[in-house]
Amino acid sequence: MAGASVKVAVRVRPFNSREIGKESKCIIQMSGNTTTILNPKQPKDNKSFNFDYSYWSHTSPEDINYASQQQVYRDIGEEMLQHAFEGYNVCIFAYGQTGAGKSYTMMGKQEKDQQGIIPLLCEDLFTKINDSSNDNRLSYSVEVSYMEIYCERVRDLLNPKNKGNLRVREHPLLGPYVEDLSKLAVTSYSDIQDLMDAGNKARTVAATNMNETSSRSHAVFNIIFTQKEHDSQTDNTSEKVSKISLVDLAGSERADSTGAKGTRLKEGANINKSLTTLGKVISALAEMKKKKVESFIPYRDSVLTWLLRENLGGNSRTAMVAALSPADINYDETLSTLRYADRAKQIRCNAIINEDPNNRLVRELKEEVARLRDLLYSQGLEIGIRLEETISVVQALLCSVQETEKIIAELNETWEEKLRRTESQEMMLLPLDIPNLLVSVFQTPHLVNLNEDPLMSECLLYYIKDGITKVGRKDARTRQDIVLSGHFIKEEHCCFTSTIGMSGEGVVVLEPCDGAETYVNGKRVTAPTVLRSGNRIIMGKSHVFRFNDPEQARQERERTPCAETPAEPVDWAFAQRELLEKQGIDMKQEMDQRLQDLEDQYRKEKEVASSLLDDLQRVSLQDFLFGLAFLVIDGFN
């Protein structure tokens, strides 16, 4: 058993647009592993904290003290991955207020050198596995699961069929686990990346005043890493199983800062509830270490802490990354995060190497099944127990037996069966996946949606069938194959005609209906237009699509195998920018004409108002003179 404290790192991000707009000042200073926070209201009241790592990412990468994504992974990720190869359970989780940079540290971005801890660790895992592939004594297997905890409910991000909430159960041997959570076998980093992309698109995010893409749920990405080593002398095979838990927590938030209302407010309340429980657990564990006395730990008060029970003071090597905002307007939240992290470093975990757990677990579970069956038999024959009590006891025991047998079946499932199950699961995830995967599988021309929110892009797919595919509104006179809505969508908007050309290649022609606003690559089309794979199509004002023809794209790659990758992604922003460039002159004329009309209207209204004012002044003067005359006459009388 190896006892070790939780490793704690803090990382400060650059100012965001909101903080720049409010002319915020930086209140964080770092020197070595010491982090100091300055009180903007009392300059002399500064507080310093010492951590295992202090990462200064507030400036640009040109700064010599700048901590990049790679440096964070080298310090934390590589160490945790090494512990996993040694056979320990490991956990890395990020904590901080909303918009502090937790998701960036854990997941990162798709750009070069912007990947976070999770993708870098997964890539490094398979690099190490491939490096040891020449050793015939060793064999490895990797399974992954991805779930989110939204409003205290668990949802499987890798199973699109499972729309409901999963139950969190506790087994006397396995501890807390999620019932029916998908565990998919993977053989390469690309497999993990595809599943991770599909899971990220299914995550619950929303915009608040403090963060445009605020995570509204806690995400837990689990990797079950199994190592087998065969000893040729004794002909025995030893096995080590490590569970790698990578957790991206939702950010703590204040309703007055985020402007949350309705659903967002309810989400924020549940987020703060689970994070408060996590803080109580950390404080209780820290106090237990100080006083060296057993005390009650409120793990069950939240689904998050219940599932992370082993990672907090149990059988795990754990690291925490606290994300900080540098702005003085967030002083209270940043100070709270630092105190949170300071308590966490006092937690001590007792990690053990997980050697041969499956064989031992199967034997213990079989013994438990036999014991439960004997107990069931004895309860059924025992005299003196009332019939109702006997029935309830029998039902409870039957549930326990079925639950245990289900776990045994999962443990005895072969690797080939897991791979086949993963392949069938991936087929269900394909509509959510990236375009390259779509091109390799689908052979039918289709449209994929592009959205201003990257998480909502490429989630909808419309097939273009052989012959004519009609596009229009639901209330059209004839049935439309693709139904759209919006003020600028006609009842019968356009149609796609898919035919076979003279050379045997498939040809798709877009023909807009009369008066229908339809754009191809930024230009409005009024006549039939032949489409090429990759064309951007805009219907009305808000529906943006990319046309994909897999067969055409394959032939293009064969003709130009060394074609360069586009300099920028063909996404919603690209399509809108293209539309503005192509329509820019007309739009400028329209704006000038509109401005001239407004000026003419203002001039006419001003003339009318001046005329009315003059008439009113004349009438008022006449009334005044008449009144004065009457007063003079009355005076003489």
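Which residue lies over the face of Phe 51? That would be Lys 345, at 5.5 Å from the ring centre. The legends below take this spot and a few others in turn; bear in mind that the model is predicted.

**View 1. Phe 51 has company from a lysine and from another phenylalanine.** Phe 49 and Phe 51 count as a stacked pair because their ring planes sit at 20° and their centres are 6.3 Å apart. Both of these phenylalanines are buried. It's one of 8 aromatic pairs in the structure.

**View 2. Tyr 146 and Phe 221 meet edge-to-face.** Here the centre-to-centre distance is 5.1 Å, with 80° between the planes. The pair ties together distant parts of the chain: Tyr 146 belongs to strand β8 (residues 138–150) and Phe 221 to strand β15 (residues 218–231), 75 residues apart. Both residues are buried.

**View 3. Phe 85, Tyr 140 and Phe 225 make up one aromatic cluster.**

**View 4. An arginine caps a tyrosine ring.** Look for the charged end of Arg 343, which sits over Tyr 340 at 5.7 Å from the ring centre.

**View 5. An open, antiparallel sheet is built from 6 strands.** Reading across, the order is β20-β19-β29-β28-β25-β26. At the edges are β20 (461–463) and β26 (523–524), each pairing on one side only. Further in, β25 (residues 518–520) and β28 (residues 536–539) share 3 bridges in the antiparallel sense, and Val 520 stands opposite Ile 537 of β28.

**View 6. Two cysteines, Cys 26 and Cys 459, are partly exposed.** Cys 26 has a relative accessibility of 30%, and Cys 459 comes in at 24%. The disulfide count is 0.

Conventions: Residues numbered from 1 in each chain as written. Predicted model: local features only at pLDDT ≥ 70, side-chain atom pairs only at ≥ 80, totals over all residues. Heavy atoms only, no water. Pairing = 2+ DSSP bridges. Helix = DSSP H or I, 4+ residues; strand = E, 2+ residues; numbered from the N terminus. Disulfide = S-S within 2.5 Å. Buried < 20%, exposed > 50% of the residue type's maximum accessible area, 1.4 Å probe, protein only. Phe/Tyr/Trp six-rings, centres within 6.5 Å; stacked < 30°, edge-to-face > 60°. Lys NZ or Arg CZ within 6 Å of the ring centre and 35° of its normal.
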